[in-house]
Amino acid sequence: MDLGQINPLLLLASLMVAATPILLAAIGEAVVEKSGVLNLGVEGMMITGAVVGFAIGVNTGSPAIGFVAAAAAGAALSMLFGVLVLYLMSNQVATGLGLTLFGLGLSSLIGKPYEGLKAPSMAKWDIPVLGDIPILGPILFRHDPMVYVSLIIVAATWYVLTRTRAGLILRGVGENHDAAHALGYKVVRVRLMAIAFGGACAGLGGAYVSLVRVPQWVEGMTAGAGWIALAIVVFASWRPWRVLLGAYLFGGITVLQLNLQAAGAAIPVEILAMSPYIVTILVLVVISLRGNHGAPGSLGRIFHATH
Amino acid sequence: MRAVKTLLASVAVAAGLSGAAMAEDKTKVGFIFVGPIGDGGWTYEHNQGRLAVEEEFGDKVETIYQESVPEGADAERAITQMALAGADLIFTTSFGYMDATIAVAEKFPDVKFEHATGYKTAPNVSVYSARFYEGRAVQGHIAGKMTKSNIIGYIASFPIPEVIRGINAAYVHAKKVNPDVQFKIVWAYTWFDPAKEADAAKALIEQGADVILQHTDSTAPQAAAQEAGNIITFGQASDMSEYAPMPRVSSIIDNWAPYYIARTKAVMDGTWESTSTWDGIGAGMVGIGEISDAVPADVKAEAEALRDALGSGEYHAFTGPLNKQDGSAWLAEGETADDGTLAGMDFYVEGIEGDIPSS
């Protein structure tokens with residue numbers, strides 16, 4: 001074993017890239033759940049974002065337009081979910097799962113003509129001055145723009161949820177929709193907006209996989225990242241900065257285990273391969289043991305305005 | 001979440017299959033796929049075989065398939081559904097379906113089953129596989145000649161004999177032309193996960209590998225290699241020619257169509273028997289994709305000569321003297337490996353570092 005072969009700078013840099021798709025999807029879902037809606041369709045919205053982002057990116061030659069289209073597609077798909085659960089009051093779990101299946105099927109239909117094509121490359125931002133800082137420069141300041149966009153989204157989400165009136169209303173709707181309704185807040189409208197935001201973020205996360213991380217379109221390419229994102233929201237107790245921590249932890253262990261294997265570490269490969277999932281499960285167990293999960297009070301409950 | 005996903009997959013299968021119309025006069029051929037048919041690799045080629053069956057027999061045959069069936073317990077249900085849907089012949093196209101195929105076959109003695117890459121047979125279960133390791137030998141030769149860092153990265157999937165054979169065959173032939181060569185092996189524990197395959201390729205490249213061999217099914221490692229630049233790769237299961245001439249310099253192509261057509265014909269004629277088929281370059285089941293211009297002409301000529309020698313049978317990919325990893329003798333000078341040992345291969349040859357994870 002020669003751990004010296006692992007370059008910690010490259011490792012940390014690739015950690016951020018590996019974690020970005022789940023970070024984006026998870027932060028969106030955190031907002032949706034904060035508003036009291038459980039959307040299990042993250043995987044479906046991600047894969048739809050991946051294919052739409054890729055298709056538009058290829059056709060326009062611009063990854064940026066691809067990302068915008070992916071966000072729009074994710075949001076549009078989430079509106080389907082929103083109408084079903086908020087207006088037709090369908091079961092959120094079943095509808096969310098249905099959305100995932102629908103998204104997977106839709107994406108492979110849209111994606112057929114795009115198999116084997118290459119994505120337009122996204123230039124990395126080599127930020128002058130900051131990028132030249134020893135150690136920190138290569139880790140933090142030489143990424144593609146989407147890595148920074150994801151961090152900005154996390155910071156903005158934190159600010160809006162905890163420091164603004166809009167965030168307070170959203171949390172109020174999620175904690176007790178009947179009380180929020182009695183106070184005159186538009187529960188359905190707030191939730192619809194949260195769902196759209198969640199869909200847009202999932203779409204961005206999916207497009208990051210197809211436009212930057214892989215980068216190409218392959219059917220089923222998100223391969224369960226949406227489910228990990230859902231676990232990370234619980235892991236994070238619905239708090240934005242903890243979502244960031246959870247996503248980077250998961251991404252970090254995923255990348256680290258591959259590097260350890262390549263370096264010939266004397267740890268059994270099975271343990272390395274399962275380590276990201278084990279750590280996720282362990283943290284979930286610890287959080288459950290502590291009792292207070294911080295789950296929004298109305299999470300997953302159907303809202304009848306007539307009550 | 002996994003359980004929920006599995007449950008959903010079952011609902012999807014049930015819904016998909018119940019929609020399939022029953023036509024008694026047609027021979028119904030079913031396929032169970034481990035990945036999506038658009039994966040560009042393994043499952044794509046099996047699906048090409050399925051399409052060839054349709055092409056060959058036209059109205060006399062009806063094919064049905066189920067994509068992305070997880071290996072393990074869920075596979076048994078998917079195969080059972082297909083048998084219940086009236087399939088006369090079912091191809092289960094991944095190693096992990098082995099026990100499930102045998103279990104379902106016991107319950108449906110009148111249905112014929114064909115399991116790819118496994119080793120368990122029954123009166124109504126045949127096994128078939130291709131000698132991919134012959135192709136790996138050609139790859140190893142090119143890799144050993146082309147590497148400048150002398151580090152070859154290998155993205156392995158699961159520690160099963162087929163994958164281990166591939167690693168050994170590639171290593172033996174890389175080592176033969178380049179004594180300094182070193183293999184770095186990453187076990188991805190998946191057949192298909194583009195993001196993970198891309199990460200594995202990147203990890204290997206970051207640690208100095210300038211050749212990436214893959215035993216996973218997507219083209220993601222090809223894209224990662226292309227982005228890194230000056231890395232060479234080989235198409236896996238399918239030609240992956242969209243990445244030629246660089247990084248993809250050659251490929252192993254699985255050609256299942258002739259076998260699928262022959263077996264379907266046998267069912268139609270009533271001559272189907274349980275068999276074990278293991279064909280290689282010679283029989284055309286393993287193809288070597290065109291070696292691109294990125295490979296120097298002399299190396300290309302050597303690789304083609306090696307391919308032809310393997311195809312004609314004058315040379316065996318595992319020819320002694322060869323030792324096992326622990327230094328014990330395996331094959332004496334001039335001795336070739338027997339199929340039994342190859343089929344159950346669970347050891348590295350001498351010179352490969354690291355341990356095989358226990359499967």
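This is a guided tour of a predicted model with two chains, A and B, one selection at a time.

Before you click, a word on labels: residues are numbered from 1 along each chain as its sequence is written, while chains are lettered from A and ligands numbered from 1 in the order in which they are written. Since the model is predicted, local features need pLDDT of at least 70 and side-chain atom pairs count only at pLDDT 80 or more, while totals for chains, interfaces and linings use all residues.

**Stop 1: chain A**

Select chain A and switch to a cartoon view. You'll find 12 helices and zero strands. Here helices are DSSP runs of H or I with at least four residues, strands are runs of E with at least two, and both are numbered from the N terminus. Follow the chain from its N terminus and the elements go α-α-α-α-α-α-α-α-α-α-α-α.

Now zoom out. Along its principal axes, the C-alpha trace of chain A spans about 65 × 50 × 40 Å. A compact globule of 307 residues would have a radius of gyration near 19 Å, and the 20 Å of chain A agrees with that. (The radius is taken over C-alpha atoms, and the globule rule is 2.2 Å times the number of residues to the power 0.38.)

How much of chain A is buried? Buried residues make up 51% of its 307 residues. A residue is buried if 20 or more other C-beta atoms lie within 10 Å of its own, exposed if 12 or fewer, and partly exposed in between, with C-beta atoms placed from the backbone.

**Stop 2: where A meets B**

Show both chains. In this model, 38 residues of chain A are in contact with 34 residues of chain B. Contact means that the C-beta atoms of two residues, placed from the backbone, lie within 7 Å. Which helix of chain A gives the most to the side that touches chain B? That's α11(A), with six residues; to find this helix, select 240-262 of chain A. Others that each supply at least two residues include α1 (8-34) and α9 (187-213) of chain A.

Try colouring this side of chain A by class: you should get 22 nonpolar, 11 polar and five charged residues. For this count, Ala, Val, Leu, Ile, Met, Phe, Trp, Tyr, Cys and Pro are nonpolar, Asp, Glu, Lys and Arg are charged, and the others, Gly among them, are polar.

**Stop 3: chain B and its two domains**

Hide chain A. Chain B has 11 helices and 14 strands, and 54% of its 359 residues count as buried. Its C-alpha trace spans about 60 × 45 × 35 Å along the principal axes.

Give 2-130 one colour for domain 1, and 132-254 + 285-343 another for domain 2. These bounds come from an automatic or database domain assignment. The C-alpha centres of the two domains lie 29 Å apart. Their contact takes 14 residues from domain 1 and 16 residues from domain 2. On the domain 1 side, helix α2 (residues 42-57) of chain B gives the most, with four residues.

**Stop 4: strand β9**

Select residues 232-235 of chain B, which form strand β9. Are its faces covered or open? Both are covered: B:Ile232 and B:Phe234 on one side, and B:Thr233 and B:Gly235 on the other, are all buried.

Next, add the two partner strands. (Strands pair if DSSP finds at least two bridges between them.) Strand β8 (residues 211-214) of chain B pairs with β9(B) in the parallel sense over two bridges, and β10 (residues 248-254) of chain B pairs with β9(B), also parallel, over three bridges. Click B:Thr233: B:Ile212 stands opposite this residue, and in β10(B) its bridge partner is B:Arg248.

Add helix α8 (residues 220-228) too, and you have a right-handed β-α-β unit of β8(B), α8 and β9(B). Right-handed means that, with the strands pointing away from you, the path from the first strand over the helix to the second runs clockwise.

**Stop 5: two single residues**

B:Pro161 lies in helix α6 (residues 161-177) of chain B. It counts as partly exposed because it has 19 C-beta neighbours inside 10 Å. Leaving aside neighbours within four places in sequence, B:Pro161 is in contact with B:Ala343, B:Gly344, B:Met345 and B:Asp346.

Last, select B:Asp338, in the loop between β14 (329-331) and α11 (339-343) of chain B. With 10 C-beta neighbours inside 10 Å, B:Asp338 counts as exposed.
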